[in-house]
Structure formats: structure tokens, C-alpha cells
Amino acid sequence: MPWYVVQYFSPIAGLKFIKQEWNYKGKPTLVVLNPQGKIENYNALHLIRVWGVKAFPFNKTVEEEISKELTWIGPLVHDIHPSIPAWVKEEKYIFFYGGKDNDWIQQFTKRATQLINDPFIKDTLKIKIELFCVGKTAKGGEDHGILGKFWTGIESLFFTKAHKQAVDPVTQEIQKLLSYKNENGWAVLTKGSTVVVTGHGFTILRVLEEFDRWKDFAKDRSFEVIFKEYHSKVIQSVRHCCRLELPTVAGKAPDVMQCPECPRTMETFVSYKCCHIDGPTAGH
């Protein structure tokens, strides 16, 4: 597979075309052409970041098929801890969680641990649940390497699906999680690598706090079904703004965005950021 790297843009006659037609905005872009010179994908970088060689030949047909998978969180968490691949293989329930507020993280860890050790869960339902706090060190600090990789992966997933005309449940879950990036807390419950529910910190914590109200229903129905249903009920009783912040250089954002938690169209705001770094992407 030949790779062509353009190092200097200023003298290139096609610079305007690259910017306008290929939506180039200063960040690495990977345009895929087939042997006949036809463009198969205007930016396969997001696809490759998440799925790697599984997405070959990185065209839109593969992107459509692979984006329907309910196991979308698997590639994002597979390499961040050595225990995770075994948990996924054993089809264990896993809470992936994190957030900006260490107090919320401590509350969630406490409540989730109580759930895990509850005799009804351990002995009656015989369910094994694992906890993994994304991007936190043992001393409570932030592991920026893991956090950066995780949220970059979520953004890449979002951009592989953002322009689909019909919003499917998988897209909604990814959009929800991305909207929680700067919130105090968030959590994702999976069974193996299949996502069961994605939730804001407040709503997920409330489901755990009210465990005694819904646990008996799990006797006749599966744990994940009851958890998801009760979480949906909690969402209806709570109002909080859903915010989605997208870097414009990461990919072409859709013109209209449906809220992942209600039928309304989201409002659009413009924000600017400077990281005080020299170069073409210093200010946006």
C-alpha cells in the first residue's frame, strides 16, 4: 500500500482543493483512494484509530457494517489494563466509569462495590461484576495518556457515525458518552464488550442507590434488562443539559445534531480555544 506524505503545503497548487473538498483543517487526514483513483473515504483515520486492520480496506461499505456493532467499546478499552481482555472473554458485567469530580468517583465506587457484594447479586443471581475507573491512578490522579487515548477513540467513533441519516441506538450511546466527557461523572455498563447502558453520573448513581427498589424484578428477567429499564425511568425524572463539544479539526461535524436523550434538535454554540502552542493549529 503506497503512502504519500505532503510536507510543505504553501507551494502546492491543489492546497485550496485539499482544504475545501477534503475538509483539511491542519490535523492529520487519511484519504483513501482505490486502484482506479476513486476516493473511497475522505478520512479513514477515525476508522483506523478504533478498529485497526479489521476495517480494511477502510471504505464506506466496511464503515457502514462495522459501525453497527454493539461491541463498539471493546477496541477502546482492550489495551488499557491487562485484566480487561479476560473479563470481556468471560462475558462479565463491567462498569467503566470516570469523571472530573473525585468525590463522585468515590461515591460511585462505594455504591457499585456494595452492589457487587450484595448476597442477592452474588448468591441468588450469581452475577460477577467488575469495576474499572478510566484514567485514574492508584493515588487518585489523572493518567492523561489513558484519558487522551480513550476520548480520542470516542471522538473517532462519533465521526464514523455522525453523518448517518438515521440515528441508531449505537450512535446515540456513543453521542451520550461523548457529551459526558467534561461532566463530574459518567459510567458505562457492559456485558463483555456489549454495551448495556451509558449514563450521566447522577442518573447511574441514583440507580445504584435505589437498588432495593428494582432488584426483585431481576429474578424473573435478566439483570441488564432491569438495570436499563430502571435507568430509563430515572432519566425521565431528571433534567440536565446535554452538551457535546467537538474539536473542529477532528472531522467534519454534522450541520444538525439530534439530542441523544430526547427527540429535540440540539442548539449550536461557537467556542474558541488557544493552547499557546506555535503552529497552524495554535488557535481555533
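1. A good place to start is the pair Phe96 and Phe132: both residues are buried. Please keep in mind that this is a predicted model.

2. What is the geometry of the rings of Phe96 and Phe132? Their centres are 6.3 Å apart and the planes sit at 65°, so the pair counts as edge-to-face, given that planes over 60 degrees apart fall in that class. Phe96 belongs to strand S3 (residues 93-98) and Phe132 to strand S4 (residues 129-133), so this contact ties together parts that are 36 residues apart in sequence.

3. Next, have a look at Tyr97 and Phe108. Their rings make a tilted aromatic pair, with 4.5 Å centre to centre and 40° between the planes. Here too distant parts of the chain are linked, as Tyr97 is in strand S3 and Phe108 is in helix H6 (residues 102-117), eleven residues apart. Are these two residues buried or exposed? Both Tyr97 and Phe108 are buried.

4. Now for the wider aromatic picture. Tyr97 and Phe108 also belong to one aromatic cluster, whose other members are Tyr93, Phe95, Trp104, Phe211, Trp214, Phe223, Phe227 and Tyr230. How many aromatic pairs does the model hold? With ring centres required to lie within 6.5 Å, the count comes to 17.

5. Finally, a residue to compare with the buried Phe108: Thr113 also lies in helix H6, but Thr113 is partly exposed, with a relative accessible area of 33%. That value falls between the 20% limit for buried and the 50% limit for exposed. Thr113 and Glu130 are 17 residues apart in sequence, and their C-alpha atoms are 9.0 Å apart in space.

Definitions and conventions
Residues numbered from 1 in each chain as written. Predicted model: local features only at pLDDT ≥ 70, side-chain atom pairs only at ≥ 80, totals over all residues. Heavy atoms only, no water. Phe/Tyr/Trp six-rings, centres within 6.5 Å; stacked < 30°, edge-to-face > 60°. Helix = DSSP H or I, 4+ residues; strand = E, 2+ residues; numbered from the N terminus. Buried < 20%, exposed > 50% of the residue type's maximum accessible area, 1.4 Å probe, protein only.
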